[in-house]
Amino acid sequence: MNKVGILTIGQSPRSDITPTFKEFFHDNIEFVERGALDSLKEAELLKVIAKKEKNIYVSRLHDGRSIIISKRELLPLLQHELSKLEREVDMVIILSTGDFPTLTCEKPIFYPGRIVTQVIAAMADQPKIGLIVPLEEQRRITINKWKGVTNDITVAVASPYDYANFKKAAQYLKDYQVDLIILNSMGYNEEHKQLVRKESGIFTILPRTLIARVVLEYL
(Lines give C-alpha, C1' and ligand atoms only; values in the text may rest on other atoms or scores of the structure.)
Protein backbone atom coordinates (compact mmCIF):
# COMPACT_ATOMS: atom_id res chain seq x y z
CA MET A 1 0.00 0.00 0.00
CA ASN A 2 1.32 3.43 -0.99
CA LYS A 3 1.47 6.02 1.77
CA VAL A 4 1.00 9.71 0.97
CA GLY A 5 2.06 12.28 3.53
CA ILE A 6 -0.02 15.42 3.89
CA LEU A 7 1.80 18.24 5.67
CA THR A 8 -0.17 21.34 6.61
CA ILE A 9 1.37 24.59 7.81
CA GLY A 10 -1.24 24.64 10.57
CA GLN A 11 -2.46 21.70 12.63
CA SER A 12 -3.64 18.30 11.50
CA PRO A 13 -5.92 16.65 10.72
CA ARG A 14 -7.24 18.86 7.91
CA SER A 15 -10.78 17.54 7.72
CA ASP A 16 -11.57 20.39 5.33
CA ILE A 17 -8.97 19.30 2.74
CA THR A 18 -8.04 15.62 3.06
CA PRO A 19 -11.48 14.35 1.91
CA THR A 20 -10.79 16.04 -1.45
CA PHE A 21 -7.69 13.88 -1.94
CA LYS A 22 -9.53 10.73 -0.87
CA GLU A 23 -12.09 11.35 -3.62
CA PHE A 24 -9.31 11.21 -6.25
CA PHE A 25 -7.17 8.31 -5.01
CA HIS A 26 -7.97 4.60 -5.00
CA ASP A 27 -8.58 2.57 -1.86
CA ASN A 28 -5.04 1.20 -1.49
CA ILE A 29 -3.66 4.66 -0.64
CA GLU A 30 -3.05 5.49 3.00
CA PHE A 31 -2.82 9.12 4.07
CA VAL A 32 -0.59 10.20 6.93
CA GLU A 33 -1.29 13.74 8.16
CA ARG A 34 1.02 16.02 10.07
CA GLY A 35 0.98 19.74 10.87
CA ALA A 36 3.78 22.20 11.53
CA LEU A 37 1.98 23.37 14.67
CA ASP A 38 0.95 19.92 15.97
CA SER A 39 3.51 19.88 18.77
CA LEU A 40 2.60 23.32 20.12
CA LYS A 41 0.41 23.85 23.14
CA GLU A 42 -2.18 26.63 23.19
CA ALA A 43 0.13 29.12 24.89
CA GLU A 44 2.96 28.32 22.47
CA LEU A 45 0.81 29.22 19.47
CA LEU A 46 1.17 32.87 20.47
CA LYS A 47 4.86 32.69 19.54
CA VAL A 48 4.16 31.83 15.88
CA ILE A 49 1.37 34.33 15.26
CA ALA A 50 2.51 36.96 12.76
CA LYS A 51 2.81 40.48 14.09
CA LYS A 52 4.44 42.96 11.71
CA GLU A 53 6.13 40.47 9.38
CA LYS A 54 5.68 40.77 5.62
CA ASN A 55 5.98 37.02 4.94
CA ILE A 56 2.90 35.47 6.49
CA TYR A 57 0.51 32.57 5.94
CA VAL A 58 -2.99 31.72 7.07
CA SER A 59 -3.91 28.19 8.06
CA ARG A 60 -6.25 26.25 10.29
CA LEU A 61 -6.01 24.71 13.73
CA HIS A 62 -7.48 21.30 14.48
CA ASP A 63 -10.49 22.89 16.19
CA GLY A 64 -11.37 24.90 13.07
CA ARG A 65 -9.95 28.27 14.12
CA SER A 66 -7.79 30.12 11.61
CA ILE A 67 -4.32 31.40 12.47
CA ILE A 68 -2.00 33.89 10.75
CA ILE A 69 1.54 32.54 10.96
CA SER A 70 4.94 34.18 10.68
CA LYS A 71 7.02 32.45 7.99
CA ARG A 72 10.16 32.95 10.06
CA GLU A 73 8.64 31.03 12.98
CA LEU A 74 6.97 28.49 10.71
CA LEU A 75 9.95 27.17 8.74
CA PRO A 76 11.81 25.27 11.51
CA LEU A 77 8.54 23.75 12.74
CA LEU A 78 7.61 22.70 9.22
CA GLN A 79 11.01 21.10 8.63
CA HIS A 80 10.83 19.26 11.96
CA GLU A 81 7.50 17.65 11.08
CA LEU A 82 8.60 16.95 7.50
CA SER A 83 11.71 15.12 8.70
CA LYS A 84 9.54 12.82 10.81
CA LEU A 85 6.85 12.40 8.17
CA GLU A 86 9.20 11.39 5.34
CA ARG A 87 10.24 8.30 7.29
CA GLU A 88 6.64 7.05 7.23
CA VAL A 89 5.50 7.76 3.67
CA ASP A 90 6.40 7.38 -0.01
CA MET A 91 5.76 11.01 -0.96
CA VAL A 92 4.65 14.28 0.63
CA ILE A 93 2.13 16.96 -0.35
CA ILE A 94 2.63 20.40 1.22
CA LEU A 95 -0.76 21.93 1.97
CA SER A 96 0.23 25.46 1.00
CA THR A 97 0.65 27.44 -2.20
CA GLY A 98 3.59 29.26 -0.59
CA ASP A 99 7.26 28.77 -1.42
CA PHE A 100 9.53 26.91 1.00
CA PRO A 101 12.83 26.46 -0.90
CA THR A 102 14.84 25.70 2.24
CA LEU A 103 12.89 22.54 3.12
CA THR A 104 14.77 19.28 2.62
CA CYS A 105 13.16 15.90 2.02
CA GLU A 106 14.50 12.59 0.70
CA LYS A 107 11.08 11.56 -0.65
CA PRO A 108 9.25 13.15 -3.58
CA ILE A 109 7.63 16.35 -2.37
CA PHE A 110 4.86 18.26 -4.15
CA TYR A 111 4.45 22.02 -3.83
CA PRO A 112 1.01 23.15 -5.10
CA GLY A 113 2.20 26.71 -5.73
CA ARG A 114 4.99 25.57 -8.04
CA ILE A 115 2.71 23.19 -9.90
CA VAL A 116 0.05 25.84 -10.53
CA THR A 117 2.54 28.43 -11.79
CA GLN A 118 4.18 25.90 -14.12
CA VAL A 119 0.82 24.85 -15.55
CA ILE A 120 -0.09 28.46 -16.34
CA ALA A 121 3.41 29.17 -17.71
CA ALA A 122 2.91 26.29 -20.16
CA MET A 123 -0.07 28.02 -21.81
CA ALA A 124 0.65 29.24 -25.34
CA ASP A 125 -0.58 32.79 -24.78
CA GLN A 126 0.24 34.89 -21.75
CA PRO A 127 -3.10 35.13 -19.89
CA LYS A 128 -4.45 37.96 -17.81
CA ILE A 129 -4.45 36.33 -14.38
CA GLY A 130 -6.78 37.07 -11.50
CA LEU A 131 -5.60 35.78 -8.14
CA ILE A 132 -7.60 35.51 -4.94
CA VAL A 133 -5.47 35.44 -1.79
CA PRO A 134 -6.54 35.12 1.85
CA LEU A 135 -4.79 38.19 3.28
CA GLU A 136 -4.12 41.74 2.11
CA GLU A 137 -0.56 41.39 3.40
CA GLN A 138 0.05 38.65 0.81
CA ARG A 139 -0.75 40.87 -2.18
CA ARG A 140 2.77 42.16 -2.90
CA ILE A 141 4.54 38.81 -2.45
CA THR A 142 1.95 37.07 -4.63
CA ILE A 143 2.35 39.60 -7.45
CA ASN A 144 6.15 39.24 -7.34
CA LYS A 145 5.86 35.46 -7.45
CA TRP A 146 3.64 35.50 -10.54
CA LYS A 147 5.65 38.09 -12.47
CA GLY A 148 7.74 35.24 -13.84
CA VAL A 149 4.61 33.87 -15.51
CA THR A 150 2.80 36.99 -16.70
CA ASN A 151 2.99 40.74 -16.19
CA ASP A 152 -0.78 41.14 -16.31
CA ILE A 153 -1.86 40.28 -12.76
CA THR A 154 -4.80 41.43 -10.68
CA VAL A 155 -5.19 40.40 -7.05
CA ALA A 156 -8.36 40.27 -4.95
CA VAL A 157 -8.48 39.41 -1.25
CA ALA A 158 -10.94 37.01 0.39
CA SER A 159 -10.18 34.68 3.30
CA PRO A 160 -11.17 31.03 2.75
CA TYR A 161 -12.84 31.25 6.16
CA ASP A 162 -15.00 34.26 5.25
CA TYR A 163 -17.48 33.50 2.46
CA ALA A 164 -18.97 36.99 2.61
CA ASN A 165 -16.12 38.54 0.62
CA PHE A 166 -16.10 36.03 -2.21
CA LYS A 167 -18.83 37.55 -4.34
CA LYS A 168 -17.09 40.92 -4.08
CA ALA A 169 -13.70 39.39 -5.04
CA ALA A 170 -15.19 37.56 -8.02
CA GLN A 171 -16.93 40.71 -9.27
CA TYR A 172 -13.74 42.71 -8.81
CA LEU A 173 -11.80 40.31 -11.06
CA LYS A 174 -14.65 40.20 -13.57
CA ASP A 175 -14.55 44.00 -13.84
CA TYR A 176 -10.83 43.75 -14.64
CA GLN A 177 -11.67 41.28 -17.44
CA VAL A 178 -9.09 38.68 -16.46
CA ASP A 179 -8.79 35.51 -18.56
CA LEU A 180 -8.68 33.10 -15.65
CA ILE A 181 -8.89 33.12 -11.87
CA ILE A 182 -6.67 31.16 -9.49
CA LEU A 183 -7.73 30.55 -5.91
CA ASN A 184 -4.27 31.01 -4.42
CA SER A 185 -4.64 29.02 -1.19
CA MET A 186 -5.11 25.36 -0.29
CA GLY A 187 -7.83 26.51 2.10
CA TYR A 188 -10.15 27.26 -0.82
CA ASN A 189 -12.51 24.42 -1.75
CA GLU A 190 -14.89 23.38 -4.51
CA GLU A 191 -17.64 25.54 -3.05
CA HIS A 192 -15.38 28.58 -3.28
CA LYS A 193 -14.53 27.68 -6.87
CA GLN A 194 -18.14 27.28 -7.96
CA LEU A 195 -19.12 30.54 -6.27
CA VAL A 196 -16.35 32.44 -8.07
CA ARG A 197 -17.22 30.88 -11.43
CA LYS A 198 -20.91 31.66 -10.96
CA GLU A 199 -20.29 35.27 -10.01
CA SER A 200 -17.57 35.99 -12.57
CA GLY A 201 -18.27 33.60 -15.45
CA ILE A 202 -14.50 33.10 -15.70
CA PHE A 203 -12.56 29.82 -15.78
CA THR A 204 -11.28 29.18 -12.24
CA ILE A 205 -8.44 26.94 -11.03
CA LEU A 206 -8.55 25.24 -7.64
CA PRO A 207 -5.02 24.20 -6.54
CA ARG A 208 -6.10 21.36 -4.26
CA THR A 209 -7.79 19.42 -7.06
CA LEU A 210 -5.01 20.21 -9.53
CA ILE A 211 -2.35 18.85 -7.16
CA ALA A 212 -4.45 15.74 -6.52
CA ARG A 213 -4.53 14.97 -10.26
CA VAL A 214 -0.76 15.46 -10.57
CA VAL A 215 0.07 13.24 -7.59
CA LEU A 216 -2.29 10.57 -8.93
CA GLU A 217 0.03 10.12 -11.91
CA TYR A 218 2.77 8.97 -9.52
CA LEU A 219 0.66 6.26 -7.87
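**Aromatic rings in a predicted model**

Let me begin with a charge and a ring: in this model, which is predicted, the charged end of Arg114 sits over the ring of Tyr111, at 4.1 Å from the centre of that ring.

From there I would like to turn to rings that pair with one another. A pair of aromatic rings is described by the distance of the centres and the angle of the planes. Rings count as a pair if their centres lie within 6.5 Å, and by this rule the structure has six aromatic pairs.

Take Phe110 and Tyr218, whose centres are 5.0 Å apart and whose planes meet at 80°; planes over 60 degrees apart count as edge-to-face, and therefore this pair is edge-to-face. Since Phe110 belongs to strand S6, residues 109-110, while Tyr218 is found in the segment after helix H7 (207-216), the pair ties together parts that are 108 residues apart in sequence. Is each partner buried or exposed? Phe110, at 6% relative accessibility, counts as buried, whereas Tyr218, with a relative accessible area of 55%, is exposed.

The next pair is Phe166 with Tyr188, and here the centres are 5.3 Å apart and the planes are at 80°, so this pair, too, is edge-to-face. Phe166 lies in helix H5 (residues 166-175) and Tyr188 in the loop between strand S9 (180-183) and helix H6 (190-200), which makes this a link between distant parts of the chain, 22 residues apart. Both Phe166 and Tyr188 are buried.

Finally, which residues do ring pairs link into a cluster? They are Phe21, Phe25 and Phe31.

Note on methods. Residues are numbered from 1 along each chain as its sequence is written. This is a predicted model: local features need pLDDT of at least 70, side-chain atom pairs count only at pLDDT 80 or more; totals for chains, interfaces and linings use all residues. Side-chain values use heavy atoms; hydrogens and water are left out. Rings of Phe, Tyr and Trp (its six-membered ring) pair if their centres lie within 6.5 Å; planes under 30 degrees apart count as stacked, over 60 as edge-to-face and the rest as tilted. Helices (H or I, at least four residues) and strands (E, at least two) are DSSP runs, numbered from the N terminus. Buried means under 20% relative accessible area, exposed over 50%, partly exposed in between (1.4 Å probe, protein chains only). A charge sits over a ring if NZ of Lys or CZ of Arg is within 6 Å of the ring centre and within 35 degrees of the ring normal.
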